[in-house]
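Thanks for making the time this morning. I would like to go through one structure with you, taking a metal site and then a single residue elsewhere in the chain.

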Amino acid sequence: MKQHPLPLLATLLAALAAAAALQAAAPKPAAYPSTPLEKKIRAATDKLAPELISIRRDIHAHPELGLQETRTSAIVADYFRKLGLDVRTGYAKTGVVGILKGSKPGPVVAMRGDMDALPITEETGLPFASKVTAVVDGRATGLMHACGHDIHTTMLLGVAAVLASVKAELPGTVVFIAQPAEECCGGANLMIEDGAFKEIVPAAFFAYHVDDTLKAGRLGYASGFMSANVDGFTLEIKSEGCHGASPWSCVDPIVVGAQIVTALQVLVSREFSVHNNTVITVGSFHGGSAPNIIPRSARLEATVRNYGEDQRRVLRDKITRLVTNICEAAGAKFDLAYEFGTMSVYNDPALTGQALATAERVLGSKAALVEQKPEMGGEDFSYFGTIAPAVMFNLGVVPPELEATAVHSPTFLADEAAIPIGVNLMANIILDHQARAARGAFKK
Ligand SMILES: [Zn+2]
Ligand SMILES: [Zn+2]
């Protein structure tokens with residue numbers, strides 16, 4: 001049957017109207033900033049941005065190595081004092097803790113920024129590029145904030161200033177941690193050992209690291225393990241030494257060492273699941289002085305990477321078994337010194353999920369959040385995770401004109417637009433965390 005065109009049009013129009021009504025009724029995501037507090041945070045951040053950028057440039061121009069961050073530490077302590085924070089200094093030599101007490105009841109939460117620079121001679125050509133030099137291990141070198149810790153420290157100050165400006169509406173207490181020596185000496189652990197969190201114990205820790213693969217406005221994350229255990233060993237294989245022409249007269253420590261290097265790679269591929277990320281790299285192998293002398297020793301140094309406390313022990317035990325048995329099979333005496341270094345960062349999944357919900361709202365879309373694979377590098381933020389759930393996010397800093405930039409390189413460049421973005425976001429993450437806790441356990 002042929003339908004009359006007019007009723008068909010009417011049906012179509014009615015369907016369109018119904019669809020429009022349905023769309024209008026569906027809850028729209030609240031545009032950010034929507035609440036009065038969010039608006040205040042945003043306005044305070046915008047106002048502060050030029051000052052933060054000049055602080056960052058000043059810190060960038062005056063980099064300091066781990067446990068020597070006296071100038072940076074003084075800037076942080078002065079800034080915290082001016083904000084009215086309770087300031088404590090001297091943890092791990094240059095570490096600073098600033099405590100901001102909100103006017104409403106709530107838990108203690110912490111943000112960490114690390115302060116140390118690297119022995120790298122800067123080649124960025126920036127007007128505020130570092131001209132600072134030092135002698136490190138007998139070698140003259142420039143110093144440079146090539147890992148973005150100048151930005152981390154600046155954002156720490158920024159979040160402190162912004163949250164101090166809304167103190168009357170802040171539930172609980174925020175502890176701002178300016179940490180020394182992330183690159184060299186496990187400053188996080190040193191601050192903990194110095195009692196920085198004995199009196200005041202945070203219930204959660206947050207931090208950023210700059211990300212050299214993402215643009216400003218994007219946030220990288222990994223829920224669960226994010227960085228690896230940085231363990232390692234030194235092995236000395238011993239021999240009586242003998243003539244190279246009569247190798248049956250003594251143990252050859254070079255041959256034994258070579259067998260161990262190869263067997264370690266077999267260990268990784270045959271005794272660990274492909275899903276269990278494990279790396280063993282023998283980066284140093286020294287022995288001998290001439291082609292016709294079997295030396296009295298060979299020395300191997302290795303870095304060993306994987307995730308979690310249980311796995312690092314399994315790996316240590318397997319490496320010890322392998323080294324012991326190969327040396328014994330060859331009749332070689334040996335000294336094996338195995339060391340646990342920085343532990344892997346574990347981002348608490350619940351805390352990560354809550355913070356990501358805030359990030360999606362504040363950064364405007366899910367597309368701003370980039371899930372990342374755990375790295376095999378190390379980061380001592382992990383030690384704060386032994387106190388309470390912790391999460392570290394990677395904040396995009398790649399300048400608009402570049403595809404990528406590279407931390408730990410003399411040409412590392414960061415987009416300063418990331419500073420207010422990071423400050424605004426972290427202030428909201430902390431406020432949301434505190435408000436959520438205040439609605440629950442701290443309601444009474
Ligand atoms: Zn670094
Ligand atoms: Zn770093």
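Let me begin with Glu183, which is partly exposed at a relative accessible area of 26%, where buried means under 20%, exposed over 50% and partly exposed in between, with a 1.4 Å probe and protein chains only. This is a predicted model, in which local features need pLDDT of at least 70 and side-chain atom pairs count only at pLDDT 80 or more, while totals for chains, interfaces and linings use all residues. Residues are numbered from 1 along each chain as its sequence is written, chains are lettered from A and ligands numbered from 1 in the order in which they are written, and side-chain values use heavy atoms, with hydrogens and water left out.

Glu183 (OE) coordinates the zinc ion (ligand 1) together with Cys147 (SG) and His408 (NE2), at 2.0 to 2.2 Å; donors are N, O and S atoms within 2.8 Å of the metal (3.2 Å for Na, K and Ca), and since water is not among the atoms, sites may look incomplete. Cys147 also bridges to the zinc ion (ligand 2), the two ions lying 3.1 Å apart. His408, like Glu183, is partly exposed, here at 39% relative accessibility.

Now to the other residue, Asn306, which counts as buried because its relative accessibility is 0%. Its side chain reaches the backbone oxygen of Gln311 at 3.1 Å. Asn306 also touches, not counting residues up to four places away in sequence, a set of residues including Ala228, Asn277, Ser344 and Met376, contact meaning heavy atoms within 4.5 Å.

Methods
A polar contact is a pair of N or O atoms within 3.5 Å; within protein, one must be able to donate a hydrogen and the other to accept it, and residues adjacent in sequence count only if both atoms are side-chain atoms.
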